[in-house]
Every structure is written in C-alpha cells, then in structure tokens.
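Please have the sequence and the coordinates open side by side while reading this briefing. The points below are grouped by topic.

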Amino acid sequence: MPKFQLQSKFKPAGDQPKAIKQLNAGLDNNKKFQTLLGVTGSGKTFTMANIIAKQQKPTLIISHNKTLTAQLASEFQEFFPNNEVHYFVSYYDYYQPEAYIARTDTYIEKETQINEEIERLRHAATQSLLTRNDVIIVASVSCIYGLGNPGDYYEHSITIETGKNYKRQQLMRQLITLQFTRNDVDFRRGTFRVRGEILDIFPSLSLDNYYRLTFFGDTLEKIESVHNITNDVNGIFESFEIFPASHYFAPPEKTADVVVNIKKELASHVDNLKKQGKIAEAQRIKQRTEFDIEMMETVGYVNGIENYSRYFDGRAPGEPSYTLLDYFRYAGNMRSNNPNDWLMFIDESHITIPQIGGMYAGDRSRKENLINFGFRLPSALDNRPLQFNEFEEKIPQLIFVSATPGKYEQDHQKQIVEQIIRPTGLLDPEVEIRPTENQIHDIIDEIKKRVAKKQRVLVTTITKKLSEEITDYMIEQGIKVQYLHSEIVTLERLEILQSLRQGEYDVVVGINLLREGLDLPEVTLIGILDADKEGFLRSDTSLIQTMGRAARHSEGKVIMYADKITGSMQRAIDETNRRRTIQIKYNKKHNITPTTIQKDIKDNYLKGLAKPVVDIPKIDVSKIPKEERSRLAKELTMQMELAAANLEFEKAATLRDQINELNQTKK
C-alpha cells in the first residue's frame, strides 16, 4: 500500500517543530484528546500535515463550513500530491427537508437539488478509504449524517477482470442491483449502456472517464478507460472495481425481510393512530407506506429509502445511523482489526464542536411532526445525525485545532500544545482603544492612510443595518467599499474577498468577518465599532478571532472603539499582548525581522460548489397565537445561542431581534 509522502519547500520552523514533536509523542502514548492552540498565521495546517506523515494513518479532518473545508482540502492536496486527499460535504445545492406544519395544515414535500460533482467527490472519498491506507478526507459537519452501511457498500462491490467469462445479462442485472441504470442516450455517472459486444460503465466516482468492456462471446477481452467527451482511449486495465452507485445501497437479499418488518411497524402505527382518533392520519400513512413497499419490491429503490435505513442496516430502534465515521472504523477493522486505527482533527474546534452537538434536536423535532400526522413511520427517526454522545463513542485519537479552544476542549484535553511563534516573525497586532464619539469619522481617516499605502481594512459592526449605512456613507466619501452579511451567498462572499485582495475594494464592512477564516495578507487594520457592547458579537473569543485577521501583515493594527473596557475586551487584549511578548522575545533571540506573508491570489477553488446561505424568514408576530409566543421565543433563543456559539453572528443577531419583538408583544 502507498504511504503518505509530504512534499513542501518549507521545513518546520518557529513553534512548529516543538508542536509536531509533542503531539506525535502524545499520539504514540495513546492520548485520546490533545489540543493544538495555534494562532493565525503560525502554520497549523503544515503542522497537521507533518503529524499525518509521521503517523501514517487514514485521517479525517472536520471543519465547520463548506468554504473552509474546500480551502483545507486544497492545501492538503498540495502537501500530499501523490496520496488520496478528498473533499466530503453535503451534496445538496438546495435542500428543503420534508416537513409538516400542523398550525396551517401544510405538508412540505422533500425537495432537493443535488450537486453531481460533490456527489462524485463523496463516492471518491469512501471508495478510496475502503481500498487504500494513504487517505485524508476533509469533511464538513455533514460527516455525522447517515450514509448507509459501509459493509454492504464494500462487500457488494464487483471486481471485473479481463480473460474471465461473464454472462452479460447477469452482469447487467448486477449493475442494476448496485443501483446503476441503463441509459443509452444520456450516458453519465451511475449509468451503463450496451452497444453490440461492448458494455460501457460510468462509475459514480469518475470525473470524465468511463470503462469500456469489449467481449468476445462471454469472454471479457479488453478493459479501456475512455474520455466521456472526446471518446479518446487513455488507459488499458487488467481489472477494475465497481462500487454501488448510491451510498444508500439496499442489497436485494435483504429486501424480503425488510418488507416484512416495515409491514409489522405499519400495522402497529396505524392501530396507534386509530386509537388516538386520527383516522385520516392512519389512512395516509397506510397509503404512503404501501406505495413505498411496492416500489422496493419492484425496482429495489424508492425516493426516501433512507427513512427505512434502520431495517436495511439491521439496527435496533434508537441505534444511530451509519456515517462517514463508520467507514473509517470499517476500514480500520479490515486493515488491523482495530476500528480506531485512524486519526481525527477538528479544525476551528471552538466553532465545530458546538455545531456537531446541535444537529440532532432540530432533525428529531421535524420528524416527530411527520410521524404524528401520518407522513412517516416512527422508524424514520433512526435516519438522523449523530447525537453528541454517539459522536464521542466513535472518536479515535483526536487533536483539536483552534486559536481559542472552548470549554469542551479544555475539559477533555490530555495535553495542550501552543503554536504561538510564527516562522515569519509576524506579531499579533497592536491594539488601541479609542472613544466611540465620532468613531465613523475616525475610522475613515485611518482607512485613507491605509489606502495611500495600498493596504486593506476590515470594519466590524453589530447590526446589518449599520454595516449597510456605513458602507453607503463611505462610498459618498470616495472609498472603495463593500459589505458582507448573511444574505450574500457563499460564492459571492468569496468573490468579494477576492476583490478585496486584488484592490477592487479597499474596505469590507460586516457583522461577522470570521466565517470564511479570512486569509487576507493585505489587511493591516481592523476597526471594531462599539467594542464595549458586551455579548456574543463582542465576546473574548470573537474579539481574539477578529483581531487575528490583522496578524498576517507586519503593520497589523486593531482599533477598538469603546467608552469602557469590558471583561471580554480585557481578556482579548491580555491574550494578544501575551502572544506578542512571546513572538518579540523569539524574534530578538533569532534576529528575525517580521515579514508580511506573501500569498498568491488564486482562482476561486469553490466555484460551482458554493451553497447559498439560507436567510431566516421574517416572522409575522401578529399571526402567532399569544399562547404560542412564549414557546416560540424559547425555541428561537436556543437557535440564537447555537448560532452565537458557531460565530454565525448575522444569524444570531436576526434571531435576537425576532425574540425581542416576540417578548414585547407578550407584555
């Protein structure tokens, strides 16, 4: 099996050698939880790459959003060009989950728009993981959602070899069992076609090439790799392996038993609904389920088959779904009879951990409504994301990576390793506090100084309205400025930030300038307006993260506009000064002059894969019954706290305003 081969023109420097040595020692001594406290610009990704190269284990890296996941995957592909580095995120460009709103008697059918390229990348990730050891998968939090049984996915794969005899009709039936479809007109991934003695198969993981099988009678004479557009032959193989076209693979030998169990559950659920006087609901679930059963028996598949995954997987009620983590565990068992024979990193863990913990409750609430009103069987509850304790049970050795580790990391880490010294010698930015009076005029004066030097500026506010008003005012003052908020979709956000680096804009204004993990070496000034407004927008964690955006330039500076120093401000300033002191001491000892990071402006690596940010619908309070307003306010408060924990400040601020409006109408 190939081994990880790290390729880089750089060698570990600054705090990196110490961090690599200590974390590897912790792994060798079977420490389950460790933390890499790495400041912005200290090369955390390079440290992670060195650890992977030393440990030589398949690795899962979890990131908190699609943008950062793609960025990390791109960086690891550069470090490991000869190994398998994959990108695993939700394959939905648009996802409207199935739901029922009882108050208005509205059923919302599941509606999705699948990004075929991302689906291909997901298959490439799982198939590499089950067939190789040198695999890195960079995943979003979607890795804790159901994925189908890895045993069925692997064990029903087909190996096809030249020189062997195959009954083509039987081979085609096998392909259909693997959920390939015959399509002689629209030939694409997950399909096959037949032309005389030739059988073409387009695997689900293939980018542009399909396999052409040439037979003489029943003997397979030749296997060629053919480009889908040009039809040029670009390879000849002795054999290849075909995996199911869907992760929700339903083995035909299980279908009969599955149908029996579904019918038993259906009868029980119909009886329960009738006892509650829900006659219409009982009739509805009977009709829907019987249709699904007929489809499964006839073609082996039905839309929404994942809702019956408990039966296909052979799981007991309440048992969690299989996820990407189980594919790692399955591969570990195959490799060394050890399901924990792999590594996990959680990037930006202070954001990602709360996200992982917050997925289960919302999914269950939606499905309980569907079950109570006759749209789904109770077993649908078992097609779900992992609960946090279930996620914990599947963790192998884990390294948290963050500049500001949260409480969970602090409670569980067996070792914390600081990576504060930057190889570039760059310091955390200077912090200056100025009064809020005339803060807009003051920041504009500072912006003009930076613009004269061809430098860039970020300005953070506490409301979307203020960011727009400040942007409009700056435009009147002749400043090239743009604002960012939650209504701007991911791809447009990336294009705005790209334009900032290229100089099309000199300033970006917004509530939350953290979500993309901004890597902007041209930024020399961060202006934090109303820094003394204590709350999730101005917590010590968010302030430290925001200030770190100016740490990639030798002239980095932060101006906080405040009339008092809050506890969060003081903690953030103290931590920044501590880091500056350590770096200054190191620079003097090694005679290092801080050097601004030089980074090429690359094409947008996420083009075509971006997922829109779904805006939060405005609630018309007048249409909410008074007795429901307290419950809704409580539910929105939970959503706001989760959004704040994830540093999704625009979303949290919108929810906060809705809660305030609800609370006012209760009086």
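What follows deals with a sheet and its helices, a helix pair, a phenylalanine and two backbone angles. The model is a predicted one, and the central element described here is an open sheet of seven strands with parallel pairing, in the order β3-β8-β2-β17-β18-β1-β19.

**The sheet and the helices on it**

- The edge strands are β3 and β19 (415-419), each of which pairs on one side only, while neighbouring strands of the sheet are turned by 20° against each other on average, direction ignored.
- Within the sheet, β2 and β17 (residues 343-347) are joined by four bridges in the parallel sense, and Ile62 has Ile346 in β17 as its bridge partner.
- Helix α1 packs on the sheet through β1 (33-38), β17, β18 (397-402) and β19, and its direction makes about 165° with that of β19.
- Helix α10 (residues 324-336) also packs on the sheet, where it touches β2, β3, β8 (135-139) and β17, with its direction at about 165° to that of β2.

**The α1-α2 pair**

- The axes of α1 (residues 16-28) and α2 (residues 44-55) come within 10 Å and cross at roughly 40°, so the two helices are oblique to one another.
- The crossing of α1 and α2 is right-handed.
- Residues Gln16, Ala19, Ile20, Leu23, Asn24, Leu27 and Asp28 of α1 meet Phe46, Thr47, Asn50, Ile51, Lys54 and Gln55 of α2, a contact that by class has six nonpolar, five polar and two charged residues.

**Phe80 and its surroundings**

- Phe80 lies in the loop between α3 (66-79) and β3 (84-88), and it counts as buried because its relative accessibility is 1%, under the 20% limit.
- Leaving aside neighbours within four places in sequence, Phe80 is in contact with Phe4, Gln5, Leu6, Ala49, Ile52, Ala53, Val85 and Ile136.
- Although Phe80 and Val135 are 55 residues apart in sequence, their C-alpha atoms are 9.8 Å apart in space.

**Positive phi outside glycine**

- Most residues other than glycine have a negative phi, and two residues that depart from this pattern are described next.
- Gln56, which is not a glycine, has a positive phi of about 55°; Gln56 sits in the loop between α2 and β2 (59-62) and is partly exposed, with a relative accessible area of 30%.
- Asp530 likewise has a positive phi, near 50°; Asp530 lies in the loop between β24 (523-528) and α18 (540-547) and counts as buried at 12% relative accessibility.

Conventions
Residues are numbered from 1 along each chain as its sequence is written. This is a predicted model: local features need pLDDT of at least 70, side-chain atom pairs count only at pLDDT 80 or more; totals for chains, interfaces and linings use all residues. Side-chain values use heavy atoms; hydrogens and water are left out. Buried means under 20% relative accessible area, exposed over 50%, partly exposed in between (1.4 Å probe, protein chains only). Contact means heavy atoms within 4.5 Å. Axes are lines fitted to C-alpha atoms, for helices over the stretch in contact, and angles run from 0 to 180 degrees between N-to-C directions. Angles under 35 degrees count as roughly parallel, over 145 as roughly antiparallel, 65 to 115 as roughly perpendicular and the rest as oblique. A crossing is left-handed if the near helix is turned anticlockwise from the far one by less than a right angle, and right-handed if clockwise. Ala, Val, Leu, Ile, Met, Phe, Trp, Tyr, Cys and Pro count as nonpolar, Asp, Glu, Lys and Arg as charged, and the others, Gly among them, as polar. Two strands pair if DSSP finds at least two bridges between them.
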